[in-house]
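Visitor: I am new to this structure and would like a close look at one part of it. Please pick a good place to start, and then show me how it connects to its surroundings.

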Amino acid sequence: MAPDAQTRLTFLEFSSPEPEKTQAFFADAFGWEFIDYGDDYKDIQGAGIAGGIARGDLRPPLAVLQTDDLEAMLETVRAAGAEITREIFSFPGGRRFQFREPGGNEMAVWSEN
């Protein structure tokens with residue numbers, strides 16, 4: 001399948017074992033605001049790109065791409081050599097899957113439906 005011309009980088013997700021501290025730092029240092037989705041997720045507002053802070057072990061930031069056809073993109077990245085690390089799942093606002101590209105970077109693709 002040919003790459004989806006509408007696939008674009010739209011979101012950057014940070015992990016933190018203490019998201020409240022990460023949120024406070026980002027607010028103090030950069031003036032960012034947040035929407036809280038419970039204790040485990042903070043949606044970043046005003047950073048120039050959409051983003052979030054997920055409670056969890058530290059890992060490199062997760063680059064998240066958006067597509068109009070999630071199932072087709074799953075097959076495209078799989079065929080291009082990616083290892084699927086998390087199959088399609090739902091979250092508030094849409095659905096996504098995660099993968100590791102052959103060079104080792106963990107990434108995700110999401111769709112509104």
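Guide: Let's start with helix α2, which spans residues 70–79: its buried residues are L70, A72, M73, L74, T76 and V77. Please keep in mind that this is a predicted model. What do the buried residues of α2 pack against? Their partners are the strands β6, β7 (94–100) and β8. If you follow the chain just past the end of α2, you come to G81, which has a positive phi of about 110 degrees.

Now for the sheet to which those strands belong. It is an open sheet of eight strands, and reading across it gives the order β2-β3-β4-β1-β5-β8-β7-β6, with mixed pairing. At its edges are β2 (33–36) and β6 (83–91), each of which pairs on one side only. From one strand to the next, the twist averages 25 degrees. So the buried residues of α2 have β6, one of the edge strands, among their packing partners.

Let's move along the sheet to β1 and β4. Strand β1, residues 8–16, pairs with strand β4, residues 50–55, in the parallel sense, and six bridges join them. To find one place where the two strands meet, look for F11, whose bridge partner in β4 is A50. Helix α1 packs on the sheet here: it touches β1, β2, β3 (41–45) and β4, and its direction makes about 150 degrees with that of β4.

T22 is a handy residue for seeing how α1 meets its surroundings. It is part of α1, which covers residues 19–30. Is T22 buried or exposed? Its relative accessibility is 19%, so T22 counts as buried, because the cut-off for buried is under 20%. Setting aside neighbours within four places in sequence, T22 is in contact with S16 and I53. With S16 there is a polar contact between the two side chains, at 2.8 Å.

Stay with α1 a little longer and look at its aromatic rings. Counting rings of Phe, Tyr and Trp whose centres lie within 6.5 Å, the model has nine aromatic pairs. One of these is F26 with F30: the ring centres are 6.0 Å apart and the planes meet at 40 degrees, so this pair is tilted. F26 and F30 lie four residues apart in α1, about one turn of the helix. In general, an α-helix has 3.6 residues a turn, so residues three or four places apart point the same way. The two residues differ in how covered they are: F26 is buried, with 10% relative accessible area, whereas F30 is partly exposed at 45%. Ring pairs join F26 and F30 with F14, F25 and W32 in a cluster.

Another ring to find is that of F89. The charged end of R86 sits over this ring, 3.7 Å from its centre.

We can finish with N113, in the segment that follows β8 (106–111). N113 has 60% relative accessibility, so it counts as exposed. Beyond its neighbours within four places in sequence, N113 is in contact with D68 and R95. E101 is twelve residues from N113 along the chain, and their C-alpha atoms are separated by 24 Å.

Note on methods. Residues are numbered from 1 along each chain as its sequence is written. This is a predicted model: local features need pLDDT of at least 70, side-chain atom pairs count only at pLDDT 80 or more; totals for chains, interfaces and linings use all residues. Side-chain values use heavy atoms; hydrogens and water are left out. Buried means under 20% relative accessible area, exposed over 50%, partly exposed in between (1.4 Å probe, protein chains only). Contact means heavy atoms within 4.5 Å. A polar contact is a pair of N or O atoms within 3.5 Å; within protein, one must be able to donate a hydrogen and the other to accept it, and residues adjacent in sequence count only if both atoms are side-chain atoms. Two strands pair if DSSP finds at least two bridges between them. Axes are lines fitted to C-alpha atoms, for helices over the stretch in contact, and angles run from 0 to 180 degrees between N-to-C directions. Rings of Phe, Tyr and Trp (its six-membered ring) pair if their centres lie within 6.5 Å; planes under 30 degrees apart count as stacked, over 60 as edge-to-face and the rest as tilted. A charge sits over a ring if NZ of Lys or CZ of Arg is within 6 Å of the ring centre and within 35 degrees of the ring normal.
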